[in-house]
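Biologist: I am new to this structure and would like to learn how to read it. Could you take me through it step by step?

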Amino acid sequence: MNRALRWTAWVVAVVVLIAVVFLVWANIVMQGTRSDALQVWRDDRVAVRDTGDSVVMTPTGDADGVGIVFIPGAKVDPYAYMATFRQVVAEGTTVIITKPTLHLAFFDTRPLSAFESHAPAVRTWAVGGHSLGGVRACQLAPDADGLLLLGSYCANDLSHSYIKVLSVSGSRDGLSTPAKVDAARHLLPSTATMTQVQGANHADFGAYGVQPGDMTATIPRTEARQQISAAIEAWARDLR
């Protein structure tokens with residue numbers, strides 16, 4: 001009996017230790033670059049508010065009726081994506097950047113409707129994500145009109161869907177590599193728009209510095225962001 005109790009206590013202690021280590025690891029996030037975030041806050045074309053479960057970016061001028069629910073990559077601060085969507089929002093599209101459970105998209109089971117309520121005037125909704133966030137976005141795509149993948153790819157089959165898909169990848173992405181994006185291309189509709197930014201890496205889709213495992217970009221981040229934004233703007237116009 002004593003041996004059984006000691007064994008049980010040992011197992012419980014190990015499980016608790018693993019849980020604590022995981023929680024600490026999950027909550028060490030890649031913070032957004034302060035200077036990039038400040039530029040967004042100071043842009044009078046864009047309004048930003050924190051709703052607790054997400055960061056909502058809305059145009060202060062004319063809105064085009066399109067909204068994107070965007071899911072961050074694993075352990076990336078949601079605010080790190082404000083710079084990515086600054087120009088997109090200024091052009092009229094609403095963007096809601098979610099705050100995933102434990103900063104990991106696959107723990108977040110909330111439906112799109114949980115975030116769409118933050119922008120009731122939006123008529124057409126798309127879902128998108130970066131890296132792991134894009135994998136989760138693919139799962140939610142059947143409930144949306146559009147799918148945006150930034151440095152990501154699907155694990156579920158959407159090839160027979162009529163959803164409007166934009167996949168933007170980087171030729172220097174060390175995580176969602178060009179080979180991985182190409183290997184998952186058959187899971188997207190044949191009409192999907194595939195755009196590769198030459199010289200861009202995985203971290204270029206946000207503003208949070210260098211990411212472990214990534215390759216070195218060969219173009220300035222400002223240039224990569226400009227190309228990424230232009231691709232998103234064109235795709236968003238097609239959703240109207």
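Here is a walk through confidence, sheet, helix, cores and two chosen residues.

Biologist: Where should I begin?

Modeller: Begin with the kind of model, which is predicted. The mean pLDDT of the protein chain is 91, and 88% of its residues reach 70 or more. Over residues 19-26, however, the pLDDT is below 50, and this stretch has 10 contacts in the model beyond near neighbours in sequence.

Biologist: How many helices and strands are there in the protein chain?

Modeller: You will find 7 helices and 8 strands. Half of the chain is tucked away: 50% of the 240 residues count as buried. The chain exposes about 11,500 Å², with carbon and sulfur atoms supplying 58% of that area.

Biologist: In what order do the strands of the sheet come?

Modeller: Follow β1-β2-β4-β3-β5-β6-β7-β8 across an open sheet with mixed pairing. On average, neighbouring strands are turned by 15 degrees against each other, ignoring direction.

Biologist: Why is one side of β1 and of β8 left without a neighbour in the sheet?

Modeller: Look at partners: β1 (46-50) and β8 (193-197) stand at the edges and have a single partner strand each, so one side of each stays without a neighbour. For a pairing to look at, take β2 (residues 54-59) and β4 (residues 94-98), which run antiparallel and are joined by 4 bridges. V55 has I97 in β4 as its bridge partner.

Biologist: Which helix can I place against this sheet?

Modeller: Try α3 (residues 82-90), which packs on the sheet and touches β1, β2, β3 (66-71), β4 and β6 (146-150). The direction of α3 makes about 30 degrees with that of β2.

Biologist: And what should I look for along a helix?

Modeller: The general idea is that an α-helix has 3.6 residues a turn, so residues three or four places apart point the same way. In α3, the buried residues are M82, A83, T84, F85, V88 and V89. After α3 comes G92, with a positive phi near 125 degrees.

Biologist: How do I read a nonpolar core?

Modeller: In soluble globular proteins, nonpolar side chains tend to be buried together. Here the largest nonpolar core has 36 residues, and M57, F70, F85, L150, I232 and W235 have the most contacts inside it. Helix α7 (residues 221-239) gives the most to this core, with 7 residues. A second, separate core has 26 residues, including A105, F115, A137 and V165.

Biologist: Is L150 buried or exposed?

Modeller: L150 has a relative accessible area of 0%, so it is buried. This residue is found in strand β6. Setting aside residues up to four places away in sequence, L150 touches F70, T84, F85, G129, H130, S131, V168, F205, I228 and I232.

Biologist: How far apart are L150 and F205 in sequence and in space?

Modeller: They are 55 residues apart in sequence, with their C-alpha atoms 6.6 Å apart in space. For the chain as a whole, consider contacts between residues at least 6 apart in sequence: 67% of them join residues at least 24 apart.

Biologist: Now for another residue: why does S169 count as buried?

Modeller: The cut-off is under 20% relative accessible area. S169 has 6% relative accessibility, so it counts as buried. Its place is in strand β7 (residues 164-170). Leaving aside neighbours within four places in sequence, S169 is in contact with V181, T195, Q196, V197 and F205.

Conventions: Residues numbered from 1 in each chain as written. Predicted model: local features only at pLDDT ≥ 70, side-chain atom pairs only at ≥ 80, totals over all residues. Heavy atoms only, no water. Helix = DSSP H or I, 4+ residues; strand = E, 2+ residues; numbered from the N terminus. Buried < 20%, exposed > 50% of the residue type's maximum accessible area, 1.4 Å probe, protein only. Contact = heavy atoms within 4.5 Å. Areas by Shrake-Rupley, 256 points an atom, 1.4 Å probe, with all protein chains shown as cover. pLDDT = per-residue confidence, 0-100. Core = buried A, V, L, I, M, F, W, Y, C linked by side-chain atoms within 4.5 Å. Pairing = 2+ DSSP bridges. Axes fitted to C-alpha atoms, helices over the stretch in contact; angles between N-to-C directions.
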